[in-house]
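Work through the following exercises on salt bridges, using the sequence and the model shown here.

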Amino acid sequence: MTLNMLSTAVMVRLGKTYGNLMVDVRAQNAKLRARARRIVAQACQIDDQAAEVALARGDGEVKVAIVSHLAGCSPQAARDRLARAGGIVRAALERED
């Protein structure tokens, strides 16, 4: 239990989470692509089909799909926001560009 708490705290500090979701996922197989789609759908409060579209626009990058959709910006603008925010989704969404 202690190790789980420690690893969770590390993931939060590294910016690998958004809310209670692990958003730093590399969708390299069918199972992980399905997980990525569910994460985007839940984070953006959209259906699976819209999440699939957001992921496709973001070249399969979960963080890019989330920031792009929620900020209403292009995938490249989302990548720029994430780069300036150190890869932290919440900070990228708070940016005014």
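Glu52 is partly exposed, with a relative accessible area of 39% (buried is under 20%, exposed over 50%, partly exposed in between, with a 1.4 Å probe and protein chains only). The model is predicted: local features need pLDDT of at least 70, side-chain atom pairs count only at pLDDT 80 or more, and totals for chains, interfaces and linings use all residues. Residues are numbered from 1 along each chain as its sequence is written, and side-chain values use heavy atoms, with hydrogens and water left out.

**Exercise 1.** Find the distance at which the side chains of Glu52 and Arg37 meet in a salt bridge, and place both residues.

Solution. Step 1: the N to O distance is 3.4 Å; a salt bridge needs a side-chain nitrogen of Lys or Arg within 4 Å of a carboxyl oxygen of Asp or Glu. Step 2: Glu52 belongs to helix H3 (residues 48-57) and Arg37 to helix H2 (residues 30-44), so the pair ties together parts 15 residues apart in sequence. Helices are DSSP runs of H or I with at least four residues, numbered from the N terminus. Step 3: Arg37 is partly exposed at 23% relative accessibility.

**Exercise 2.** Determine which parts of the chain Arg79 and Asp59 link.

Solution. Step 1: the closest N and O atoms of this salt bridge are 3.2 Å apart. Step 2: Arg79 sits in helix H5 (residues 75-84), and Asp59 in the loop between H3 and helix H4 (62-71), 20 residues away. Step 3: Asp59 is exposed at 61%, while Arg79 is partly exposed at 21%. Step 4: a network of salt bridges links Asp59, Glu61 and Arg79.

Terms used
Helix = DSSP H or I, 4+ residues; strand = E, 2+ residues; numbered from the N terminus.
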